[in-house]
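Take a walk through this chain, from its overall fold to its surface and its main pocket. The sequence and structure come next.

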Amino acid sequence: MINQLTDILVDQAKAAARKGAAFAAIAVVMLVGAGFLLAAIYMAIAASFGPIAAAMAIGGTLMTLGLVALAVMSQRDPGDAVDQISSEEHAAKARKSEDDMLFDLLVHSAMTGYATGQGNKPRMQSGFDQMITDLGELGIFDPPKGRMETRQTDHETETKKAG
């Protein structure tokens, strides 16, 4: 199960890398195209008004576009106009929702089941402890006051299969 999840994550990472490489190649092609387009515009203006006027027109246009973009980017953050939430509302948002707690319980149950299938007693105990904590957060019951210790006997450790 864990191996399947890691394989899926590796496949998704490879797909994302391929997609990023494709976007980079497209960006390079578009930049080269923009360069040729600027050169063609320069030649057309230079043929009509001369090379100095063409350079000044293109340079002035690009500087104006850059200044407009800078002015737009340096405007105040639109989020500043929105009322900020109070610390109580922030604390309420920080608390887990019931769905989050149920999802945690599901994940901890799956991990405990996997450890049970593997015969890994320490991870089983840890998983059961996490499940009790999750159920306590849901308000199902209060967890026991002390943690119950489970120890393997010497006989169990000697007869445990190699996994």
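Read along the sequence, the pattern is α-α-α-α-α-α. The secondary structure comes to six helices and zero strands. Keep in mind that this is a predicted model. Of the 163 residues in the chain, 9% count as buried.

Start with helix H1, which spans residues 2–49. Two of its residues give a sense of the exposure along it. Ile-8 lies in helix H1. Its relative accessible area is 45%, so Ile-8 is partly exposed, because that class runs between the 20% limit for buried and the 50% limit for exposed. Ala-44 also belongs to helix H1. With a relative accessible area of 47%, Ala-44 falls in the partly exposed class too. From Ala-44, look across to Ala-54, which sits 10 residues away along the chain. The C-alpha atoms of Ala-44 and Ala-54 are separated by 8.2 Å.

Now turn to the surface. Which residues form a nonpolar patch there? The members are Met-1, Ile-2, Leu-5, Ile-8 and Tyr-114. Together they have about 480 Å² of accessible area. Helix H1 gives the most to this patch, with three residues. Ile-8 can join because its relative accessible area of 45% passes the requirement of over 30% for patch residues.

Next comes the space between the atoms. Rolling a probe the size of a water molecule over the atoms shows where empty space is left. The largest pocket holds about 240 Å³ of space. It is lined by 13 residues, and the closest to its centre are Ile-2, Val-107, Ala-110, Met-111 and Thr-112. Ile-2 is thus named twice on this tour: in the nonpolar patch and in the pocket lining.

Which helix gives the most to the lining of the largest pocket? H4 does, with six residues. Helix H4 covers 98–118, and helix H5 covers 121–138. H1, H4 and H5 each supply at least two residues of the lining. By character, the lining divides into eight nonpolar residues, four polar and one charged.

Note on methods
Residues numbered from 1 in each chain as written. Predicted model: local features only at pLDDT ≥ 70, side-chain atom pairs only at ≥ 80, totals over all residues. Heavy atoms only, no water. Patch = residues over 30% accessible without salt bridge, like charges linked within 9 Å, V, L, I, M, F, W, Y side chains within 5 Å. Areas by Shrake-Rupley, 256 points an atom, 1.4 Å probe, with all protein chains shown as cover. Salt bridge = Lys/Arg side-chain N within 4 Å of Asp/Glu carboxyl O. Helix = DSSP H or I, 4+ residues; strand = E, 2+ residues; numbered from the N terminus. Buried < 20%, exposed > 50% of the residue type's maximum accessible area, 1.4 Å probe, protein only. 1 Å grid on protein atoms, 1.4 Å probe; cavity = no way out; pocket = protein on both sides within 12 Å on 5 of 7 lines; lining within 4 Å. Points joined across faces, edges and corners; volume = space filled by probe spheres on them. Nonpolar A, V, L, I, M, F, W, Y, C, P; charged D, E, K, R; others polar.
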